[in-house]
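Visitor: Could you take me through one part of this protein up close? I'd like to start with a single strand and then see what sits around it.

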Amino acid sequence: MKKVFRPLTTAASLALLLPSALPAAAGAADATRTGADARNAPARACSPDNAIEHTLRGGGTWRMCWHDTRLEGLVLEDVTFQPRGEAEPIRILHRASLAQIHVPYDNGTAEYSDLTEDELGAHANPLRPEDCPGGALRQIRSNLATRGETVSGLCVTTQERGFAFHGDNADLPRSVHRGNEAQQGQDLVVYTVNEAGHYHYINQWNFSDDGTITPRLGAAGNLSPDDFNAADGTGWPLGEGARAYSTSHHHNVFWRLVFDPDGTPTSRVEQYDTRQTGHSAKEPRTPLHETTRTSVDKETGGLTDADTQRWWRIVSKYENTDGHPRSWEIVHHNPHRYGGRPFTEKDIYFTEYKAGERYASDNRMSPELSPLEHVGQFVGGEKLTRPVVWVQVGYHHIARDEDQAPMPVHWQSFQIVPRDVTAMNALTPDHLRLPRYNGGGHPAHHPPSGKGDK
Ligand SMILES: [Cu+2]
């Protein structure tokens, strides 16, 4: 369902014309860094309205800068995490955003590109204080504004995430709590709600106190009344009897991540696969597994192969204090891969950084963007020095009676998890930050006890 698009302000148009939709000064600062080792380079200017900084209960501080564009909506830049006790913020991402929501209907009657066609970013919904519990709303540009050009559409808040850890290091006296260390985790959460036709998408980013980033897209709103067809047998009957069939469809969501690990534009990509190689000689002949590492040196697309438990990581030039390269793992599973288009064939793509390669499909939106159409074409075998990561998560939506009305939120997500960024858990309590708790092999946790407290 298309909306009539009312042009945005000059500022919005300008945003689209600049290579990365940044203020000119910031763009210039960016250019000076390209190809250079810019560790410790000063952060780009970020106005107070665009800066987000929050220290979570666990002591870690997230910092980032946000802006919005007409198509992508929320864009996060210069994302850093400073674990408690760390002298400096650790840079992770240069730029992160949605890159497409591709919605093809099973019967071939419709195929939407919700970012580029429906201009997702231009349709940020106003949020009420109760839509942002415990947080603060910020103004974001929107065509849905009833007055002026902005709505209170960006929520910055915190959410509880349950146990961050629960363990027994035998450092505490045995007691009624059995000497357990436990802590509840907390996320900094940033989101907008944007309309594309009858759908409302929650564009949410969770930043956890352990350094994990979880981009999430929640599909909500209402089923498209235009996409009901009782005749072709491809949908699901909604309402009484079997008169109205809601047409099944996919939501293929793409994110684009420009990493900037430790503030350097260059990084490496590695792929890991685990395979069973046989069995141990001794009974009970336990299966043996071997994990192999493959360097991803050139642009490529990859599959989250269930048989090999494949995963990838972005590796920094710098090491943690244990002497291990800092890296960020892409924890990713594409449950409903859509094979119907060349840009949806892979679950993840790695391409060399180009500002004009912005959308996973329908990329030829304006003159400053690459003439190439989609991410499948961006993969041209070029050597990777500044890898851009494109993550796809698909969802085949077969409607159910409960989808009306409004539809319950359905989430699609993946995670960016620190791997060897710090020498220990970012949340490790100070009294456990000891050599004997870092590296394993420390004495057994449970001394023999005759008190029956096992
Ligand atoms: Cu749907």
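Guide: Let's start with strand 2, residues 61-69, which is mostly covered: eight of its nine residues are buried. This is a predicted model, so keep that in mind throughout.

Strand 2 has a partner on either side of it in sequence. Take strand 1 (residues 51-55) to begin with: five bridges join strand 1 to strand 2, and the two run antiparallel. If you want a pair to click on, pick Glu-53, whose bridge partner in strand 2 is Arg-63. Strands 1 and 2 make a hairpin with five residues between the strands, and in that hairpin Gly-59 takes a positive phi near 105 degrees.

Now go on to strand 3, residues 73-82. Eight bridges join strand 2 to strand 3, again in an antiparallel arrangement. Here Asp-68 is the one to pick, with Leu-74 as its bridge partner in strand 3. Strands 2 and 3 also form a hairpin, this one with three residues between them.

From here you can step into the nonpolar core by way of Leu-76. The largest nonpolar core has 72 residues, and Leu-76, Val-389, Trp-390 and Val-391 touch the most other members. Strand 4 (residues 90-104) gives the most to this core, eight residues. Leaving out residues up to four places away in sequence, Leu-76 touches Met-64, Trp-66, Leu-93, Ala-96 and Trp-205.

That last contact takes us towards strand 9, residues 199-208, where you'll find Tyr-199. The UniProt record (an unreviewed entry) places the feature "modified residue: 2',4',5'-topaquinone" at Tyr-199. Is that tyrosine buried or exposed in the model? Tyr-199 is buried, because 22 other C-beta atoms lie within 10 Å, and 20 or more is what counts as buried. Not counting residues up to four places away in sequence, Tyr-199 touches Ala-219 and Gly-221.

Ile-202 is in strand 9 too. Ile-202 has 19 C-beta neighbours inside 10 Å, so Ile-202 counts as partly exposed. Beyond four places in sequence, Ile-202 touches Tyr-191, Val-193, Leu-217, Gly-218, Ala-220 and Val-409. For one of those, Ala-220, you can check the spacing: Ile-202 and Ala-220 are 18 residues apart along the chain, and their C-alpha atoms are separated by 7.5 Å.

Tyr-191 and Val-193 turned up in that contact list, so let's look at strand 8, residues 181-196, and its pairing. Strand 8 runs antiparallel to strand 7, joined to strand 7 by 10 bridges. Gln-159 is a handy marker, standing opposite Asp-187 in strand 8. Strand 7 (residues 150-167) also pairs with strand 6 (residues 136-141), in the antiparallel sense and over six bridges. On that side, Ala-136 stands opposite Val-156 in strand 7.

Just off strand 6 there's a cysteine you may want to look at. Cys-132 is found in the loop between strand 5 (111-113) and strand 6. With 19 C-beta neighbours inside 10 Å, Cys-132 counts as partly exposed. Setting aside neighbours within four places in sequence, Cys-132 is in contact with Leu-127, Leu-137, Cys-155 and Thr-157. Cys-132 and Val-189 are 57 residues apart in sequence, and their C-alpha atoms are 9.7 Å apart.

Stepping back to the protein as a whole, there are three helices and 22 strands. Buried residues make up 39% of the 454 residues. Among contacts with a separation of 6 or more, 62% come from residues 24 or more positions apart.

And how far can you lean on the coordinates? The protein averages a pLDDT of 87, and 87% of the residues score at least 70. Over residues 1-41, though, the pLDDT is below 50, and this stretch has 57 contacts in the model beyond near neighbours in sequence. Residues 444-454 also stay under 50, and the model has five contacts for them beyond four places in sequence. Where pLDDT is low, the predicted coordinates should not be read in detail.

Conventions: Residues numbered from 1 in each chain as written. Predicted model: local features only at pLDDT ≥ 70, side-chain atom pairs only at ≥ 80, totals over all residues. Pairing = 2+ DSSP bridges. Helix = DSSP H or I, 4+ residues; strand = E, 2+ residues; numbered from the N terminus. pLDDT = per-residue confidence, 0-100. Contact = placed C-beta atoms within 7 Å. UniProt positions renumbered as here; feature names shortened; annotations may be inferred. Buried ≥ 20, exposed ≤ 12 C-beta atoms within 10 Å, placed from the backbone. Core = buried A, V, L, I, M, F, W, Y, C linked by C-beta atoms within 7 Å.
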